[in-house]
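You asked for a quick read-through before you set anything up on this one. Here are my notes, point by point, to go through with the structure open beside you.

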Amino acid sequence: MDKLQESIKEYYGRTLGGRGDLQSGACCCSPDALSDEVKAVLPLIADEVMERFYGCGSPIPPLLDGAAVLDLGCGSGRDVYVAAKLVGERGRVVGVDMTQEQLDVARKYEDEQRARFGYERSNVTFLHGYIEDLGSLGIADASMDVVISNCVINLSTSKESVFREIHRVLKPGGELYFSDVFADRRIPDAPRTDPLLRGECLGGAMYTEDFRRVMQGVGFTDFRCLSVRGITIGNSEIEKKVGFANFTERTIRAFKLDGLEDICEDYGQVACYDGCIEGFPHYFDLDDHHRFYTGKPMLVCGNTASMLTDTRYAAAFSVMGDRSVHFGAFGCGAPGDAAVSAPLDGGSSCC
Ligand SMILES: C[S@@+](CC[C@H](N)C(=O)[O-])C[C@H]1O[C@@H](n2cnc3c(N)ncnc32)[C@H](O)[C@@H]1O
């Protein structure tokens, strides 16, 4: 374990006693981020678990019933327990964290949460270890339907290993859905290794373009951005050290799918949402620029069509057409155009 990881464990294990001890606005989740499904479960979560929630978003996707979910950097377990309710007794949730004190809080409430949810048996497991090496925790290849993570991957000293592991453990068609802190440039060494800045999720924030490169390198060829929120640091001492950069919290969705292309291609496919996803009767947002209105057919690129036919979202969509006839690029310009490699600020890797 490196010194930086040691300082992060110290920060989350001993320095912070609860949300009130945070020194900046980075690890704060806007109430707007919560879906109706999540809002309905939160009153069932133990107070101490809620008090030690340090997430920056709410990366809980819909359609979780019966799913196997993995939460990377689960901390005191808030999102594990929310997911445990949403997957139901047929599903299961695994939380991984490297900080013993955080896991102690999470485990303390396992039986109480089971009883609050009315389950006969607990459907959660907490594992003590590193998100860069899920294999040593016994998490098998292609074993998870959904991987979630809330304000954690920025803290990793080997982000590529984390995304590689996520890709390995997801089942084909499985979904990565996570919220994290990003920066509009690479953070220099001094602030990057400063224990306070690192602990506050600013020093290790991912530069959006490096994030895109890593994702594409490990096999997440087309990932989608759900939301972008500017972060106000709100601490003049911290701003002095990292005020040269702009930080954002983003929620990202990516699927483990073969055959995704590096730009959107037009095969004349059409998708229609049936309105049956819980909490989304009128429309469903696949990402920040694909809103599917219930019953309204929409022309989609080949990548989007795959995301709606070869994943669990197929239950809510009908997609017409296949890739047998190609009609050119899907309005994204030719390879090499700025739009093709649009930065996350432009929305996502999808045009
Ligand atoms: C900002 S907190 C978020 C915790 C939780 N996701 C939540 O929303 O409350 C970051 C958590 O990630 C854990 N963490 C950071 N780096 C890790 C790593 N490389 N492996 C496992 N856990 C890690 C820390 O121990 C800490 O509990």
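**Notes on the model**

1. Strand β9 (residues 269-273) and β13 run antiparallel, joined by four bridges. Within that pairing, Y273 is the residue that stands opposite F317 in β13. Keep in mind throughout that this is a predicted model.

2. Zooming out from that pair, the sheet is an open one of three strands, ordered β12-β9-β13, with antiparallel pairing. Its edge strands are β12 (298-300) and β13 (317-320), each of which pairs on one side only. From one strand to the next, the twist averages 35°. Helix α12 (residues 302-309) packs on this sheet, where it touches β9, β12 and β13, and its direction makes about 140° with that of β13. As a general reminder, strands of a sheet pair through backbone hydrogen bonds, either parallel or antiparallel.

3. Next, the hairpin. Strand β10 (residues 283-287) and β11 are antiparallel and joined by four bridges, and the hairpin between them goes through two residues. If you want a landmark for the register, D287 has H290 in β11 as its bridge partner.

4. Which side chains of β11 (residues 290-293) point to which face? They alternate: H290 and F292 are on one face and buried, while R291 and Y293 are on the other and are not buried. For Y293, the relative accessible area is 41%, which makes this residue partly exposed.

5. On to the aromatics, since there are 18 aromatic pairs in the structure. Take F211 and F223: their ring centres are 5.0 Å apart and their planes are at 65°, so this is an edge-to-face pair. F211 belongs to helix α10 and F223 to strand β7 (residues 223-230), so the pair ties together parts twelve residues apart in sequence. Buried or exposed? F211 counts as buried at 2% relative accessibility, and F223 counts as buried at 0%.

6. Y283 and Y293 make another edge-to-face aromatic pair, with 5.9 Å from centre to centre and 65° between the planes. Here Y283 sits in strand β10 and Y293 in strand β11, so the pair ties together parts that are ten residues apart in sequence. Y283 counts as partly exposed, at 33% relative accessibility, and Y293 is partly exposed too, at 41%.

7. There is also an aromatic cluster to look at: ring pairs link F255, Y273, F280, F284, F292, Y313 and F317. Some of its members have come up already. Y273 and F317 are the residues facing each other across β9 and β13, and F292 is on the buried face of β11.

8. Now the helix packing. How do α7 and α10 cross? The axes of helix α7 (residues 159-169) and helix α10 (residues 208-218) come within 9 Å, crossing at roughly 40°, and the crossing is right-handed. From α7, the residues involved are E160, F163, R164 and H167, and they meet F211, V214, M215, G217 and V218 of α10. Sorted by class, this contact has five nonpolar, two polar and two charged residues. F211 therefore turns up both here and in the edge-to-face pair with F223.

9. Staying with α7, its buried residues are K159, V162, F163, E165, I166, H167 and V169. Note the charged names on that list before you assign protonation states. The cover over these buried residues includes β1 (68-72), β4 (144-150), β5 (170-183), α9, β6 (206-207) and α10.

10. A second helix pair: helix α4 (residues 78-87) and helix α6 (residues 110-117) pack at about 35°, their axes 11 Å apart. This crossing is right-handed as well. Y81, A84 and K85 of α4 make the contact with E110, Q113 and F117 of α6. By class, that gives three nonpolar, one polar and two charged residues.

11. Last, a loop residue. D194 lies in the loop between α8 (189-193) and α9 (195-199). With a relative accessible area of 18%, D194 is buried, the cut-off being under 20%. From D194 to A314 is 120 residues in sequence and 45 Å in space, C-alpha to C-alpha.

Terms used. Residues are numbered from 1 along each chain as its sequence is written. This is a predicted model: local features need pLDDT of at least 70, side-chain atom pairs count only at pLDDT 80 or more; totals for chains, interfaces and linings use all residues. Side-chain values use heavy atoms; hydrogens and water are left out. Buried means under 20% relative accessible area, exposed over 50%, partly exposed in between (1.4 Å probe, protein chains only). Two strands pair if DSSP finds at least two bridges between them. Axes are lines fitted to C-alpha atoms, for helices over the stretch in contact, and angles run from 0 to 180 degrees between N-to-C directions. A crossing is left-handed if the near helix is turned anticlockwise from the far one by less than a right angle, and right-handed if clockwise. Contact means heavy atoms within 4.5 Å. Ala, Val, Leu, Ile, Met, Phe, Trp, Tyr, Cys and Pro count as nonpolar, Asp, Glu, Lys and Arg as charged, and the others, Gly among them, as polar. Rings of Phe, Tyr and Trp (its six-membered ring) pair if their centres lie within 6.5 Å; planes under 30 degrees apart count as stacked, over 60 as edge-to-face and the rest as tilted.
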